[in-house]
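This briefing is a guided reading of one protein model. Please keep the sequence and the 3D view at hand while working through the points below.

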Amino acid sequence: MAEGCCASIIKILLFIFNFVFWVTGAVLMGVGIWLRVDQDVAKFVSGDLNMTWFYTGCYVMIAAGAITMVTGFLGCCGAMKENKIMLMMFAVILGLLFIIELVAGIVGIVYRDQVAEFTSNSLEEALGGNSIDSRSDGFKEIVTAIQEQYSCCGLVNNTDWNNPCNQNTCLCDQAGQSCRTYYPTPQSSCSIYRPCIAEFEIFLGNNLVIIGGVALAIAFIQLIGIVFSVILIRNKGENIA
């Protein structure tokens with residue numbers, strides 16, 4: 001058994017940390033699952049719109065959350081049993097997770113500014129140089145549902161429709177910050193919403209910040225766990241079985 005007040009306190013703190021760590025792993029996995037199954041997200045990143053790359057981040061979060069939960073459980077066992085080998089393995093795994101999640105968090109935040117480029121390229125590939133009118137009924141239904149929910153018109157441009165004035169979900173009351181006047185002919189006009197890509201950028205950008213923020217927060221907690229583990233191992237020395 002460990003001797004000394006310091007070692008006992010570190011042992012208790014490490015146990016508490018690992019419980020919190022297990023909970024954060026559950027939160028990380030929960031956020032990943034939520035983003036993967038959320039219907040609002042699905043509308044934006046459906047296969048028809050060629051933006052399923054967003055789900056890659058969700059799968060990484062789910063996997064990282066599951067590994068974090070298992071690692072937290074092992075850390076609790078190592079702390080309570082005062083097993084030096086288990087604690088060393090825990091510290092090494094935690095160190096690897098710390099590096100991975102730190103990089104993931106930074107990448108998620110940095111690449112927020114490049115969401116516009118990724119989104120635009122994906123939508124242009126989905127359209128393939130054609131108008132929305134020429135696409136399948138399923139594709140048009142997806143676009144129409146997005147337009148209705150987020151008050152936008154067209155994907156990359158308003159002119160993705162042959163005549164957006166004929167699309168009820170494109171029409172807005174009057175021209176303004178989110179609306180523009182469109183002239184299908186010199187003699188006629190209508191007020192339509194801005195392209196949906198603007199809403200895509202805001203929505204996906206905010207979710208990338210969520211992913212990055214959660215990853216960085218958990219990475220910080222992991223760093224604390226590594227410090228506690230190293231301190232306990234040094235205090236235990238050869239007295240840990």
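At 0% relative accessibility, C196 counts as buried, because the limit for a buried residue is under 20%. The model described here is predicted. C196 is bonded to C152 in a disulfide, with an S to S distance of 2.0 Å. The structure holds four disulfides, and the points below begin with this one.

**The link of C152 and C196**
- C152 also has a relative accessibility of 0%, and it therefore counts as buried.
- The angle about the S-S bond is 85°, and the link of C152 and C196 is right-handed.
- C152 lies in the loop between helix 6 and strand 1, whereas C196 lies in the loop between strand 2 (188-193) and helix 7 (197-236), so the disulfide ties together parts that are 44 residues apart in sequence.

**The link of C153 and C170**
- C153 and C170 form a disulfide in which the sulfur atoms are 2.2 Å apart.
- This link of C153 and C170 is right-handed, with 85° about the S-S bond.
- C153 and C170 each lie in the loop between helix 6 and strand 1, and they are 17 residues apart.
- Are C153 and C170 buried or exposed? Both of these cysteines are buried.

**The link of C165 and C190**
- C165 is joined to C190 by a disulfide with an S to S distance of 1.9 Å.
- The link of C165 and C190 is left-handed, with -80° about the S-S bond.
- C165 lies in the loop between helix 6 and strand 1 and C190 lies in strand 2, so this pair connects parts that are 25 residues apart in sequence.
- C165 and C190 are both buried.

**The pairing pattern and a further cysteine**
- Which pairing results when the bonded cysteines of the protein are numbered in sequence order? The pattern is 1-8, 2-4, 3-7, 5-6.
- C58 has a relative accessible area of 0% and is therefore buried.

**Strand 1 and strand 2**
- Strand 1 and strand 2 run antiparallel, and five bridges join them.
- The connection between strand 1 and strand 2 is a hairpin of two residues.
- Y182 has C190, in strand 2, as its bridge partner. C190 is also the cysteine that forms a disulfide with C165.
- As a general point, side chains in a regular strand alternate between the two faces of the sheet.

**The backbone at S151**
- Where does S151 lie? S151 is found in the loop between helix 6 (137-150) and strand 1 (179-185).
- Most residues other than glycine have a negative phi. S151 is not a glycine, yet it has a positive phi of about 50°.
- The relative accessible area of S151 is 32%, so this residue counts as partly exposed, a class that lies between under 20% for buried and over 50% for exposed.

**Charges over rings, and aromatic pairs**
- R36 lies over the face of Y55, at 4.0 Å from the ring centre.
- The charged end of R135 sits over the ring of F139, at 4.3 Å from the centre of that ring.
- How many aromatic pairs are counted when ring centres must lie within 6.5 Å? The count comes to zero aromatic pairs.
- In general, a pair of aromatic rings is described by the distance of the centres and the angle of the planes.

Definitions and conventions: Residues are numbered from 1 along each chain as its sequence is written. This is a predicted model: local features need pLDDT of at least 70, side-chain atom pairs count only at pLDDT 80 or more; totals for chains, interfaces and linings use all residues. Side-chain values use heavy atoms; hydrogens and water are left out. Rings of Phe, Tyr and Trp (its six-membered ring) pair if their centres lie within 6.5 Å; planes under 30 degrees apart count as stacked, over 60 as edge-to-face and the rest as tilted. A charge sits over a ring if NZ of Lys or CZ of Arg is within 6 Å of the ring centre and within 35 degrees of the ring normal. Helices (H or I, at least four residues) and strands (E, at least two) are DSSP runs, numbered from the N terminus. Buried means under 20% relative accessible area, exposed over 50%, partly exposed in between (1.4 Å probe, protein chains only). A disulfide is a pair of cysteine sulfur atoms within 2.5 Å. Two strands pair if DSSP finds at least two bridges between them.
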